[in-house]
Amino acid sequence: MHQFKRKAAMKKIAVLGAGLTGAAAANTLAQQGYQVTVFDKGRSAGGRMSSKRTEQGYLDMGAQYFTVRSDVFKQQVKEWLDAGQAALWPCSTALLSNDDGLVSFKASEDKQERFIGVPSMQSPVKALLQAIPQVTSCHVHKLDYQQQSWTLFSDEGLSYTGFDAVLLTLPPVQAQQLMAQSALPELFDAATHMLEPCWAVAIHTDAMPAQDAIFCQHPKLRFISHQQYKTERTPCYILHFNTAFSALHLNEPAAFWFAEATAILRQELQIQQQITPLVAHRWLYASQNDQVAAPGLIALPQQQLWAGGDWSYGGRVENAYLAGLNLAQAVIEQDHQPQELL
Ligand SMILES: Cc1cc2nc3c(=O)[nH]c(=O)nc-3n(C[C@H](O)[C@H](O)[C@H](O)COP(=O)(O)OP(=O)(O)OC[C@H]3O[C@@H](n4cnc5c(N)ncnc54)[C@H](O)[C@@H]3O)c2cc1C
């Protein structure tokens, strides 16, 4: 004889991480009647899709844009566009290369459509989480599983109990630390090198470039973006330093990064106007190392714990969204498996 497990409407799910993965998972499960609560150590939702608010407008310090390949993400992006939560970024692209000091700058014929959140990169994430209870400024440092129920413990000295399932959408190093502190199997060994660091620097100058998405083959940089055609953003440059240079100078202060960014804008983009540093932000776990194979979702199905993120499928915003859908699907499928009666 078989019976189905508790009905979705009665099941409580804790989603750790309010980035796009967590938001997509939480939204899908809530629509299916699950009671979902999302936890994040940040002050608000968005994760690596984050823009910093300033008096002049937003600064996109993390993801610069997102692209669309799959039909399912295309449908979601259409909904965000229709609701005014996303917009097309009408950018023109270029390639900057610096080969042993030989600098070349070429405009490129790139027809790729690129989208941004509106008014900030985190807007689509916040839209997905609109109706879902969230606990922010909550750094979860330990999990405990007793009698088929999860309890979460936070750095702030609080605990949250009674969850049937847990979804971890943290970068793998942080997920691994959480598993270790919870005396749970350390499932993330192979994934801990997936996400690499990136220093991001915002710089203001009156110079308006002809190209505003500049891909770099450069000893220090990987991408320069200009926000002039991004809705509700401060018109300024955002420079993303590459993994090697960011890792080499990981603990340098903001002043070091402002000096580096200024020198690059002067020397490589020939900017003569006054340059004003705005913000420098260090991402310890930024984007995917292409040399490491993406592991897919990671699971402890007996305890109803699943983990995933952009890193599960190759990085990027779209893969975070797909990971969120797949995490939700894993919970739903587990619920529909028949269980032997004792
Ligand atoms: C500088 C930079 C540039 C990028 N550029 C692009 C781009 O142009 N295009 C593109 O497609 N992608 C880009 N990306 C990648 C893109 O931002 C990510 O793929 C996507 O946002 C990942 O979403 P996620 O939900 O999987 O992870 P995250 O957004 O990292 O969400 C994880 C969340 O978990 C929370 N968290 C971690 N530990 C804990 C804990 N112990 N307790 C509670 N909460 C915790 C974090 O605060 C975070 O909010 C870029 C990323 C960076 C950093």
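This report walks through the two domains of a predicted model, the contact between them, and two residues inside domain 2.

## Ground rules

Because this is a predicted model, local features need pLDDT of at least 70 and side-chain atom pairs count only at pLDDT 80 or more, while totals for chains, interfaces and linings use all residues. Residues are numbered from 1 along each chain as its sequence is written, and side-chain values use heavy atoms, with hydrogens and water left out.

## Two domains

The protein splits into domain 1 (1-45 + 129-191 + 292-342) and domain 2 (50-122 + 195-288). Those bounds come from an automatic or database domain assignment. From one C-alpha centre to the other, domain 1 and domain 2 are 31 Å apart.

## Where they touch

The contact (heavy atoms within 4.5 Å) draws on 17 residues from domain 1 and 15 residues from domain 2. The size of an interface is often given as the accessible area lost when the parts come together. Here the buried area (accessible area lost, 1.4 Å probe, summed over both parts) is about 1,300 Å², with carbon and sulfur atoms giving 61% of that. On the domain 1 side, Val-317, Glu-318 and Tyr-321 supply 39% of the area buried against domain 2, more than any other three residues.

What about polar links? The rule finds 0 salt bridges across the interface, a salt bridge being a side-chain nitrogen of Lys or Arg within 4 Å of a carboxyl oxygen of Asp or Glu. There are, however, 6 residue pairs in polar contact, both at pLDDT 80 or more. A polar contact is a pair of N or O atoms within 3.5 Å; within protein, one must be able to donate a hydrogen and the other to accept it, and residues adjacent in sequence count only if both atoms are side-chain atoms.

Helices α4 (172-181) and α7 (317-335) each supply at least two residues of the domain 1 side that touches domain 2. The largest share, 5 residues, comes from α7. (Helices are DSSP runs of H or I, at least four residues, and strands are runs of E, at least two, numbered from the N terminus.)

## Two buried residues

Val-201 sits in strand β15 (residues 195-205). Val-201 is buried, at a relative accessible area of 0%; buried means under 20% with a 1.4 Å probe, protein chains only. Leu-239 is 38 residues from Val-201 in sequence, yet their C-alpha atoms are 5.2 Å apart.

His-240 belongs to strand β18 (residues 237-241) and is also buried, at 6%. Leaving aside neighbours within four places in sequence, His-240 has contacts including Met-61, Trp-199 and Phe-223. By that count Val-201 also touches Met-61, with Trp-257 and Val-279 among its other contacts.

Terms used. Buried area is the accessible area (1.4 Å probe) that two parts lose on being put together, summed over both. Buried means under 20% relative accessible area, exposed over 50%, partly exposed in between (1.4 Å probe, protein chains only).
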